[in-house]
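These entries record what I looked up in one structure. I set them down in the order in which I went through the topics.

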Amino acid sequence: MSSPLSSTDAAIVRSRQMAQSLAEHPERHRMLTGDRPTGDLHLGHYLGSLRSRVALQDQGVESFVLIADYQVITDRESIGNLREKTFSLLADYLAAGLDPARSTLFTHSAVPALNQLMVPFLALVTQGELQRNPTVKDELGASGRPLSGLLLTYPVHQAADILFCKADVVPVGRDQLPHLEQTRVIARRFNARFAQGTPVFPEPTALVNDQQLVLGLDGQKMSKSRGNTVRLAASADETAALIRRARTDADPVITYEPDRRPEIANLLTIASGFTGTDPADLAAQVGGAGARALKELVTEAVNEGLRDHRERRRGYAADPAQLHAVLRAGNAAAFAVAEATLAEVRAVMSMDY
Ligand code: TRP
């Protein structure tokens, strides 16, 4: 007898099947994913998520990419420079190759009908489910603040992000799986309880990123607050300076041994992400030339790999009117999609007066 799958294992299996289906029938799927506009994107985002979104778009998958501005106030007191962060994120999206003609780029605060879906959705979840969500618990712990109503319920808001456009595929990191599970439960319950016989929402599949996680330059989790990242917006010189300070170890010969030498392995993984060469082969190339030569190789790989992105990014950053126009058009498109979905929801709930 096979052992029962945990919900994470089951999500991974669905993710693999979805990857296959996306490759064979991109036109059958609709993707939604997004980011909080809390800080500049860095190379971890680029290697881990940005590139694969662009690939899905280019493959022909209809795409929605959300700037989750309301989520900024889930675990922090103030808005900060939200506007600047929003436009910085948008500039990175466009520079990476997300194309407003093929992808809807929008902020959820601008889409009232999306937000209204939260009302019926809140009726479909229990306090216990909300309180058990491990990602919410982690964020609560890290926030050092009391649990706000929004932090507790933001996974339901995130379900509205996903379901307003009936996305069936959601590329995310593993920390987002509890939210995807909650979204699936909401879709299922909505269809069963409120939409007798006429299902309105699909149960979306998380497309889990299998790529090896890139660590920060100090070997810790990559994060802006630790100052251990290379921002996509950084200059080539800043990049070189950051990588020169990256942590290595005392062994003079470079080898790829992720368990024994995590910092060296991480630098090799970063270079490999940009060059496409296997990390073990890169290690063999550097060998006895040591950490300094490795850092030069990594710097070259990152600066070369991001050269076009950075140039395009500078162009967008210099043209705020164009960024604004892109966002307004994306918001208008998302607005129309959300209104249509809300009209359906009202109709099945006998609220179409
Ligand atoms: N919670 C996600 C994060 O912190 C951002 C996000 C908001 C999102 N809404 C989403 C991701 C909908 C995927 C789908 O990274």
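Entry 1, a buried serine in a loop. I began with the cut-off: a residue counts as buried when its relative accessible area is under 20%, as exposed when that value is over 50%, and as partly exposed in between. The model I consulted is predicted. I looked up Ser-223, whose relative accessible area is 14%, and so I entered Ser-223 as buried. Ser-223 is located in the loop that runs between β5 and α10 (236–244). Setting aside residues up to four places away in sequence, I found Ser-223 touching Asn-228 and Thr-229.

Entry 2, a buried serine in a helix. I then turned to Ser-88, a residue of helix α3 (residues 82–96). Its relative accessible area is 12%, so Ser-88 is also entered as buried. With neighbours within four places in sequence left aside, the contacts of Ser-88 are Asp-40 and Arg-313.

Entry 3, an alanine in helix α14. Is Ala-336 buried or partly exposed? I read a relative accessible area of 46% for Ala-336, which is therefore partly exposed. Ala-336 belongs to helix α14 (residues 320–348). I also checked Ala-336 against Gly-60: the two are separated by 276 residues in sequence and by 21 Å in space, C-alpha to C-alpha.

Entry 4, the two sides of helix α7. Which residues of helix α7 (residues 134–143) are buried? I listed Thr-135, Val-136, Glu-139 and Ser-143. These residues lie on the same side of α7, because they cover an arc of only 100° around the axis. I noted the general background that an α-helix has 3.6 residues a turn, so residues three or four places apart point the same way. On the other side of α7, I found Asp-138 and Gly-141 exposed. The cover over the buried residues of α7 includes α8 (149–163) and α9.

Entry 5, the ends of helix α7. At the N-terminal end of α7, the cap is Asn-133, with a side-chain oxygen 3.0 Å from the backbone nitrogen of Thr-135. Thr-135 is itself one of the buried residues of α7. Just after α7, I recorded a positive phi of about 65° at Gly-144.

Entry 6, the search for internal space. Rolling a probe the size of a water molecule over the atoms shows where empty space is left. How many cavities of 30 Å³ or more does the structure hold? I found 1. The space in the largest cavity comes to about 40 Å³. Its lining consists of Ala-11, Arg-14, Leu-177, Leu-180, Glu-181, Arg-184, Pro-204, Thr-205 and Ala-206. By type, I sorted the lining into 5 nonpolar, 1 polar and 3 charged residues. At least two lining residues come from each of α1 (7–24), α9 (177–194) and β5 (205–208). With 4 residues, α9 gives the most to this lining. I noted that α9 is also among the elements that cover the buried residues of α7.

Entry 7, a glutamate in helix α1. I closed with Glu-24, which is part of helix α1. The side chain of Glu-24 is in polar contact with the side chain of Gln-20, at 2.8 Å. Between Glu-24 and Gln-59 I read a separation of 35 residues in sequence and 9.9 Å in space, C-alpha to C-alpha.

Notes: Residues are numbered from 1 along each chain as its sequence is written. This is a predicted model: local features need pLDDT of at least 70, side-chain atom pairs count only at pLDDT 80 or more; totals for chains, interfaces and linings use all residues. Side-chain values use heavy atoms; hydrogens and water are left out. On a 1 Å grid over the protein atoms alone, a cavity is a set of points where a 1.4 Å probe fits but cannot get out, and a pocket is an open set with protein on both sides within 12 Å along at least five of seven lines; lining residues have an atom within 4 Å of a point. Grid points are joined across faces, edges and corners, and a volume is the space filled by probe spheres set on the points. Ala, Val, Leu, Ile, Met, Phe, Trp, Tyr, Cys and Pro count as nonpolar, Asp, Glu, Lys and Arg as charged, and the others, Gly among them, as polar. Buried means under 20% relative accessible area, exposed over 50%, partly exposed in between (1.4 Å probe, protein chains only). The arc is that of the directions from the helix axis to the C-beta atoms. Contact means heavy atoms within 4.5 Å. A polar contact is a pair of N or O atoms within 3.5 Å; within protein, one must be able to donate a hydrogen and the other to accept it, and residues adjacent in sequence count only if both atoms are side-chain atoms.
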